[in-house]
Amino acid sequence: MRRVLLALFALLLALLVLLPVVLVGVRPRRPPPTAGYPIAVAVLQEDTGRVVELPLEEYVKGVVAAEMPAAFHPEALKAQAVLARTYVVRRLRLFGGTGVADGSADISSHPGQGQAWLDQRALRQKWGLLGYYRYWRKVSEAVEATSGQILTYQGEIADGLYHSTCGGHTESAAEVWGQAVPYLTGVPCEFCRHSPHYLTQVYVPLRALAQSIPSSTTSAGASGSAGVALALLESTVNGRVRSLKVGDTVLRGTDARARLDLPSTWFTWKVEGDRVRFDVRGSGHGVGMCQYGADGQARQGRTYLEILQYYFPGTAVSLIFSE
Ligand SMILES: [Zn+2]
């Protein structure tokens with residue numbers, strides 16, 4: 001009896017020791033996401049001035065997390081991952097890109113100089129601890145599912161531009177930067193209506209308007225009330241303001257947007273007393289992928305490949321390395 005008990009005890013002990021080993025042994029091991037192309041990205045961290053070097057795929061995760069709401073549909077996050085990767089690969093010095101101005105890094109984390117990137121600490125602050133575990137996993141999965149994929153056009157790395165909300169139609173690159181790009185001509189988009197930026201109002205006091213356009217002259221009564229006369233000169237084919245006249249000054253729509261801090265170049269206005277009310281559609285330059293539109297399309301069942309094909313007609317999704 002004692003011998004039987006001892007044998008049972010030994011068996012139990014063996015099981016306790018062996019079971020975890022067996023479990024670990026059979027758990028399928030995923031290859032690291034950067035397997036096949038160990039590319040490092042040197043990121044100039046804008047707030048600290050430090051240059052952080054990290055694997056490309058990890059960098060892309062930090063961009064997707066910074067540039068798109070993590071609550072978006074996974075297919076929209078995947079489309080964003082491809083564009084974030086495309087953008088940085090174009091900038092990589094390894095691929096002949098220029099990197100940042102002083103040559104100290106490939107890319108800056110400053111959103112105004114390309115695309116935003118946040119590190120783990122910043123993301124914990126942004127999402128909170130619980131949100132962090134949920135969203136980091138969601139973003140990571142989207143990035144890993146598209147590992148190594150970039151947008152190309154006729155075998156070249158494409159210009160994978162994106163913006164928050166188009167407001168009903170995306171804009172052509174030619175209108176914004178004066179250079180035509182075959183796959184960036186503007187497409188209708190009815191998928192971003194759920195965006196908080198779809199239609200917004202911006203109020204600018206007439207006095208501030210006159211000050212923001214230095215050479216403009218105030219003309220009482222010219223706009224129907226005392227203030228600065230505003231006149232639309234030309235619209236783009238996609239419906240945005242190409243040029244307008246403020247007082248005596250002719251401005252491009254893109255300049256007016258920058259000077260008056262308007263969300264986009266798609267706006268109309270109305271003088272209300274001593275201020276101008278701007279009704280603005282969308283947010284951002286309007287070129288390339290509409291992020292809220294991508295989310296809207298994903299919610300309707302479209303895949304990230306279909307979404308990218310929609311906003312960048314004629315492009316393809318390719319792997320950085322084909323082997
Ligand atoms: Zn849109």
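**Reading a predicted model: cores, zinc site and sheets**

The largest nonpolar core of this predicted model has 62 residues, and those with the most contacts inside it are Y59, W127, M289, L308, Y311 and F312. Helix α3 (residues 74-91) gives the most to this core, with 10 residues.

User: What makes a set of residues a nonpolar core?

Analyst: The members must be buried residues of the kinds Ala, Val, Leu, Ile, Met, Phe, Trp, Tyr and Cys, joined through side-chain atoms within 4.5 Å. The set of 62 residues that includes Y59, W127 and M289 is the largest such core. Apart from it lies another core, of 19 residues, among them I213, V241, L251 and V280.

User: With which residues is L308 in contact, leaving aside its neighbours within four places in sequence?

Analyst: L308 is in contact with A79, V82, L83, L151, M289, T315 and V317. Contact here means heavy atoms within 4.5 Å.

User: Which residues are the protein donors of the zinc ion?

Analyst: The donors are C166, C189, C192 and C290, each through its SG atom, at 2.3 to 2.4 Å from the zinc ion. The cut-off for a donor to this metal is 2.8 Å. In sequence these residues follow the spacing C-x22-C-x2-C-x97-C. The pair C166 and C189 links distant parts of the chain, 23 residues apart: C166 is in the loop between β6 (162-163) and α5, and C189 is in the loop between α5 and β7.

User: Why is the arrangement around the zinc ion called tetrahedral?

Analyst: Four donors count as tetrahedral if all angles lie between 85 and 135 degrees. The four donor atoms around the zinc ion subtend angles of 103 to 115°, and the arrangement is therefore tetrahedral.

User: How do you know whether C166 and C189 are buried or exposed?

Analyst: Buried means under 20% relative accessible area. C166 has 0% and is therefore buried. C189, with 3%, is buried as well.

User: Why does T185 count as partly exposed?

Analyst: Partly exposed covers the range between under 20% (buried) and over 50% (exposed). T185 has a relative accessibility of 43%, so T185 counts as partly exposed. T185 is found in the loop between α5 (173-177) and β7 (199-205). Leaving aside neighbours within four places in sequence, T185 is in contact with E171, S172 and N238. T185 and F312 are 127 residues apart in sequence, and their C-alpha atoms are 8.7 Å apart in space.

User: What makes β8 and β10 edge strands?

Analyst: Each of them pairs on one side only. The open sheet has three strands in the order β8-β9-β10, with antiparallel pairing, and its twist averages 25° from one strand to the next.

User: How do you know that β8 pairs with β9?

Analyst: Two strands pair if at least two bridges are found between them. Five bridges join β8 to strand β9 (residues 241-246), and the two run antiparallel. In β9, V241 is the bridge partner of S235. Helix α7 (residues 253-260) packs on this sheet, touching β9 and β10, and its direction makes about 95° with that of β10.

User: Why is the pairing in the sheet β2-β1-β3 called mixed?

Analyst: In general, strands of a sheet pair through backbone hydrogen bonds, either parallel or antiparallel. Five bridges join strand β1 (residues 40-44) to β2, and these run antiparallel. Two bridges join β1 to β3, and these run parallel. The pairing in this open sheet of three strands is mixed. One bridge in β2 pairs A40 with P55, and in β3 the partner of L44 is S108.

User: Why is β1 described as largely enclosed by the rest of the structure?

Analyst: Four of the five residues of β1 are buried, so the strand is largely enclosed by the rest of the structure. Helix α2 (residues 56-67) packs on this sheet, touching β1, β2 and β3.

User: What is notable about the phi of Q154 and of D261?

Analyst: Most residues other than glycine have a negative phi. Q154 has a positive phi of about 50° although it is not a glycine, and D261, also not a glycine, has a positive phi near 60°. Q154 lies in the loop between β4 (149-153) and β5 (156-157), whereas D261 is found in the loop between α7 and β11 (267-272).

User: Why are Q154 and D261 called exposed?

Analyst: Exposed means over 50% relative accessible area. Q154 has 69% and is therefore exposed. D261 has 64%, so D261 is exposed too.

Key: Residues are numbered from 1 along each chain as its sequence is written. This is a predicted model: local features need pLDDT of at least 70, side-chain atom pairs count only at pLDDT 80 or more; totals for chains, interfaces and linings use all residues. Side-chain values use heavy atoms; hydrogens and water are left out. Buried means under 20% relative accessible area, exposed over 50%, partly exposed in between (1.4 Å probe, protein chains only). Donors are N, O and S atoms within 2.8 Å of the metal (3.2 Å for Na, K and Ca); water is not among the atoms, so sites may look incomplete. Four donors count as tetrahedral if all angles lie between 85 and 135 degrees; four count as square planar and six as octahedral if opposite donors are over 155 degrees apart and all others between 65 and 115; anything else is irregular. Axes are lines fitted to C-alpha atoms, for helices over the stretch in contact, and angles run from 0 to 180 degrees between N-to-C directions.
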